[in-house]
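Biologist: I would like to take a close look at a single part of this model, and I would be grateful for one connected answer that a first-year student can follow.

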Amino acid sequence: MGKPFILNLVHRLELSPEYSQKTNGAGGKEDAFTGALTSESVEIFKTQQRLAHENGLKTTIQLTYASLFSDECIELAKADHEKYGDEISLSLLGLPCPEFKSKYKTKDFCIWMFSEDDKRAIIDDVFGLFKKKLGFYPHSTGSYYLDAYCLNYIHEKYPSVKAAVATCFEEGPKAYHTCNNSWYTFLDGGPWNPWIPSKENTHCPASDAKDDCGIVCIPHLSRDVMACFDGNGSNFGTHPQNVLRGMIYDHKRRIPYLYNLIDQYRHLGKWNRYAYNMMFVGPGWMNRSGRWEVPYEGLYKSYEDAMRYYGKLKKEGLLIDMTMEEFADFYRIGLDYQEPERCLWKDILYGSTKQYFWYLDPHFRTCLDMNQGGAMIDLRPYAAKLPWKVGIGTRSVYDASYPYLIQANYRAGYFTHYAGEGTVKSYKVKHGSEAYDGCLQRTMARCDVLENGDTLLTLDPVTFAFSDLSCDVVSRFLFKKGEGKIEITREITRIEGKGEVEIEEYFTGAFGINEYQSDMSKIVLTSDGESGHQEIHYAYKCRALHEEKASQIAALIPDVDTLLSMGSDEMVAGNVEEGYAFSPCYRLALSKKFTSKGELRTWLSLRKAS
Amino acid sequence: MAQSKKGKLNYRCPSCFIRDIDIDMFYDEKKKEYYCLRCCFHGSEEEVLRLNDMLKFRYKWMEKRVLDFGDDDKAPKVEDYKGEEEK
């Protein structure tokens, strides 16, 4: 744990949190802007600030549009800036207030969902009011999500802004379902740690200085990258309310899971140039009425405990607290745009030995599941840098998720009910009439960062046992820095028995942003090799191509402007399969036969198609 | 009969919680029970609290503290939580 562990602690001064407006529920007043709610919000903010300062932590205070109309709020922020060095920042959350409602005549509160005209008008309004009240423009800002249009506009018009809160890891259909299909923050497919977004799409890291949107972005909270992928994201993050919401506490309301979560983020420094944590809280969750079955005293205790733990780490020299502006300056020192973010994550809640490997660079984001033999269970083609417009007046009013090619939970993965296939990349080992899938081989992995910047993931060997033959296979994934390419090796390190073994490396893909598949008829599947070039124009007809000596097999997916290809340096057999209506996927596979030890080495490449 | 109201805390439906749906229950004063709008669950406060405890069954390390994340390909080393971080 030798790398610096940096904390951004962000308190936003919402006077009428959007989730408090309904929380009072049946019998409560319909008017959300009551004096009682706003004065309670200010008191909670003061408590949160006090708990941070008592533990020696500086904060970033994000003023909201509503709070900028309050002299008391502005004076509070100024006083803490003077005394503790807190940054006075500006949030684009917290828009709801009487002034906003009378001016914009809407109940919308998510900046990325407005029309482009309204985005500009609101940003100018909020930033202008901040300047009028504070005398300067902010150096950081944020929302649950900021689309590329907002980030580019803010950078162009307010170049003082260096940092922004700009996404929430894996908040999408899962959050929607958890909130009884009523919470429209669809932001799946983004980074879990800080990044500099591309000018084209917020989710994608910038490829170079030309593509740099000019703002260092941080995620809303540091989330458990396993629990949030598998289940409800809102239960597993560095917000004490998340942990309470998930009921992850004992009878004394102790929350060791939160400390374990923070510690695992510290551990990620092992493979990256620093380690990071972000806590981002408003006042709404800590109200006097209690929240998620927990009375106020329990809410208070959870925040006090969280601050105490961060404070303890700081006292021991294991944590550096920074404001968002300070962090942006730190992040740009020695910046290498092609440097990936690596995350070998272990289960810390369910007590299993499940392990994920997340990898992200300007070309793609992916996740491998060692509990399924290293199967690829998520893949987002960042290389396409899709200019995905979002907001009123676009084709995607509220859904800002970045499309996947593989999402094994939304689209089945290995396990399906009786028929069809799910999206996953794995391998099969075959012998005679028997075949087993790597997805049923539970293992664990080691991660090494090589001198040239490549990343090598090596899986512990697994055994395939057939009726009259057994063999051990070691899988290696080499992530080539800056190339958008993964080399995958399946090595047979032991083989006992007679006959032939075949290894098939396959990719079953689709594309989408949720559980459902849109029309696939623009997809073109190809095979190149000894027989020349062959094509299938997707029409759900269950057709297949076979090439005995293939140099490359590929899927062109125009809907997400992506060319996905697989190949091998040696000519191996290639199979391409079209799906059908009940199983809307495509399948690419390369295979090789063995009678003794040996390896199948293939590569997977992602490129922008156009 | 008068309309239902929220209880003193926002108790969620335990049956929906286990399928990752957060939905607050309402309180039926006449029957002295909480009930769910989304599914058929209904129960007393005592029953809700008991079920809330039960549904933590999946969090086998909820009361563990990680001592060391160890080698990459090994499970973390843990011990029973002793409360060092909390008063």
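Which residues have the most contacts inside the largest nonpolar core, and how many residues does that core have?

Modeller: Please keep in mind throughout that this is a predicted model. The largest nonpolar core has 188 residues, and those with the most contacts inside it are A:Val225 and A:Trp358. Of the elements that supply residues to this core, helix α11 of chain A gives the most, with 7 residues. Domain 1 (5-337) and domain 2 (353-608) of chain A both contribute residues, so the core lies between them.

If we look more closely at A:Trp358, and leave aside residues up to four places away in sequence, we find that A:Trp358 touches A:Trp192, A:Val225, A:Cys343, A:Trp345 and A:Cys367. A second core, separate from the one just described, has 10 residues, including B:Cys13, B:Cys36, B:Phe41 and B:Val48.

It helps to set the largest core within its chain. Chain A has 12 helices and 27 strands, and its radius of gyration is 25 Å, close to the 25 Å that the globule rule gives for 610 residues, so chain A is as compact as a globular protein of that length. Its C-alpha atoms fill a box of roughly 80 × 50 × 50 Å along the principal axes, and buried residues make up 56% of the 610 residues. Among contacts in chain A between residues at least 6 apart in sequence, 67% join residues that are at least 24 apart.

Helix α11 also leads us to another helix, α10 of chain A (residues 256-267), because the buried residues of α10 pack against α11 (296-315), as well as against β1 (5-13), α9 (240-245), β7 (275-281) and β9 (341-346) of chain A, together with β4 of chain B. Helix α10 of chain A is mostly covered, with 12 of its 12 residues buried, among them A:Tyr257, A:Leu261 and A:His267. At 1.5 Å a residue, the 12 residues of this helix should span 16 Å, and its end C-alpha atoms are indeed 16 Å apart, which agrees.

The mention of β4 brings us, finally, to the contact between the chains, where 33 residues of chain B are in contact with 40 residues of chain A. On the side of chain B that touches chain A, strand β4 (residues 64-68) gives the most, with 3 residues, and the residues of that side divide into 13 nonpolar, 4 polar and 16 charged.

How values were computed: Residues numbered from 1 in each chain as written. Chains lettered and ligands numbered in written order. Predicted model: local features only at pLDDT ≥ 70, side-chain atom pairs only at ≥ 80, totals over all residues. Contact = placed C-beta atoms within 7 Å. Helix = DSSP H or I, 4+ residues; strand = E, 2+ residues; numbered from the N terminus. Nonpolar A, V, L, I, M, F, W, Y, C, P; charged D, E, K, R; others polar. Expected span 1.5 Å × (residues − 1). Buried ≥ 20, exposed ≤ 12 C-beta atoms within 10 Å, placed from the backbone. Rg over C-alpha atoms; globule rule 2.2 N^0.38 Å. Core = buried A, V, L, I, M, F, W, Y, C linked by C-beta atoms within 7 Å. Domains from an automatic or database assignment.
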